[in-house]
Amino acid sequence: MVLDRQLEILAVCGVGMGSSLMLKMTAEDALRALGIEARVENTDVSTARGMTPDVVIGQGMHTSEIADLAPVVITISDFLDKEGLEVQLRERLTEQGWLS
């Protein structure tokens with residue numbers, strides 16, 4: 001990894017409990033498969049607005065509200081699709097120069 005520190009990633013949903021927790025676990029699995037060290041937190045949209053993550057992951061109805069929160073915002077439709085998230089993370093982190 002090219003980044004000189006651990007990535008900060010937020011898994012976001014409306015309330016910050018059920019679906020963001022599932023997404024957090026999926027993201028951790030995808031990051032592990034990519035060999036990327038990251039701190040993944042799950043939270044709600046309102047709390048996310050006060051944070052400064054590197055990556056935000058969530059459903060389109062939520063990521064559209066916080067699209068300017070992080071350099072990388074990934075919209076997902078299937079909270080359990082580890083392979084799909086892995087592909088998106090690889091592409092977006094490579095674009096940022098954080099993954100070689």
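Author: Let's start with a term: a salt bridge is a side-chain nitrogen of Lys or Arg within 4 Å of a carboxyl oxygen of Asp or Glu. Keep in mind that we are looking at a predicted model.

Reader: Okay, how do R49 and E65 fit that idea?

Author: Side chains of opposite charge can pair when their charged atoms come close. Here the side chains of R49 and E65 form a salt bridge, with 3.1 Å from N to O. This pair ties together distant parts of the chain: R49 sits in the loop between α2 and β3, E65 in the loop between α3 (60-63) and β4 (72-75), and they are 16 residues apart.

Reader: And how accessible is R49?

Author: R49 has 46% relative accessibility, so it counts as partly exposed. E65 is partly exposed as well, at 41%.

Reader: How many salt bridges does the structure hold?

Author: Nine. Let's look at R5 and D54, whose closest N and O atoms are 2.8 Å apart. Again, distant parts of the chain are linked: R5 is in the segment before β1 (7-13), D54 is in the loop between α2 (45-48) and β3 (55-58), and 49 residues separate them.

Reader: Is D54 buried or exposed?

Author: Buried: its relative accessible area is 6%, and the cut-off for buried is under 20%. Its partner R5, at 41%, counts as partly exposed.

Reader: Where do D29 and R32 lie?

Author: Both are in helix α1 (residues 18-34), three residues apart, which is about one turn of the helix. Their side chains meet in a salt bridge, 2.9 Å from N to O. D29 is partly exposed at 35%, while R32 is exposed at 57%. There is also a network of salt bridges that links E8, R39 and E41.

Reader: Let's zoom out. How many helices and strands are there in the protein?

Author: Four helices and four strands. Read from the N terminus, the elements go β-α-β-α-β-α-β-α.

Reader: Which strands does β3 pair with?

Author: β3 runs parallel to β1, joined by four bridges, and it also pairs with β4 in the parallel sense, over four bridges. Try following V56: its bridge partner is L10, and V56 stands opposite V73 in β4.

Reader: What about the two faces of β3?

Author: In a regular strand the side chains alternate between the two faces of the sheet. For β3, V55 and I57 are on one side, V56 and G58 are on the other, and all of them are buried, so both faces are covered.

Reader: What does A70 touch beyond its neighbours in sequence?

Author: Leaving aside residues within four places, A70 is in contact with P53, D54, V55 and V56. A70 lies in the loop between α3 and β4, and at 10% relative accessibility it counts as buried. Its C-alpha is 9.2 Å from that of I9, although the two are 61 residues apart in sequence.

Reader: Which residues of the largest nonpolar core touch the most other members?

Author: First the idea: in soluble globular proteins, nonpolar side chains tend to be buried together. The largest nonpolar core here has 22 residues, and V55, I57, I74, L85, L89 and L93 touch the most other members. Two or more residues come from each of β1, α1, β3, β4 and α4 (82-95). With five residues, α1 gives the most to this core. Another core of nine residues lies apart from it, with A48, V56, L69 and V73 among them.

Reader: Could we follow one member? What does L89 touch?

Author: Not counting residues up to four places away in sequence, L89 touches A30, L31, L34, V55, I57, I74 and T94.

Reader: Last one: what is the radius of gyration of the protein?

Author: The protein has 12 Å, and a compact globule with 100 residues would be near 13 Å, so the value agrees. The C-alpha atoms fill a box of roughly 35 × 25 × 20 Å along the principal axes, and 43% of the residues count as buried. As for contacts with a separation of 6 or more, 59% are between residues 24 or more positions apart. The accessible surface comes to about 5200 Å², with 49% belonging to carbon and sulfur atoms.

Conventions
Residues are numbered from 1 along each chain as its sequence is written. This is a predicted model: local features need pLDDT of at least 70, side-chain atom pairs count only at pLDDT 80 or more; totals for chains, interfaces and linings use all residues. Side-chain values use heavy atoms; hydrogens and water are left out. Buried means under 20% relative accessible area, exposed over 50%, partly exposed in between (1.4 Å probe, protein chains only). Two strands pair if DSSP finds at least two bridges between them. Contact means heavy atoms within 4.5 Å. The radius of gyration is taken over C-alpha atoms; the globule rule is 2.2 Å times the number of residues to the power 0.38. Accessible areas come from the Shrake-Rupley method with a 1.4 Å probe; for residues, only the protein chains shown count as cover. A nonpolar core is a set of buried Ala, Val, Leu, Ile, Met, Phe, Trp, Tyr and Cys residues joined through side-chain atoms within 4.5 Å.
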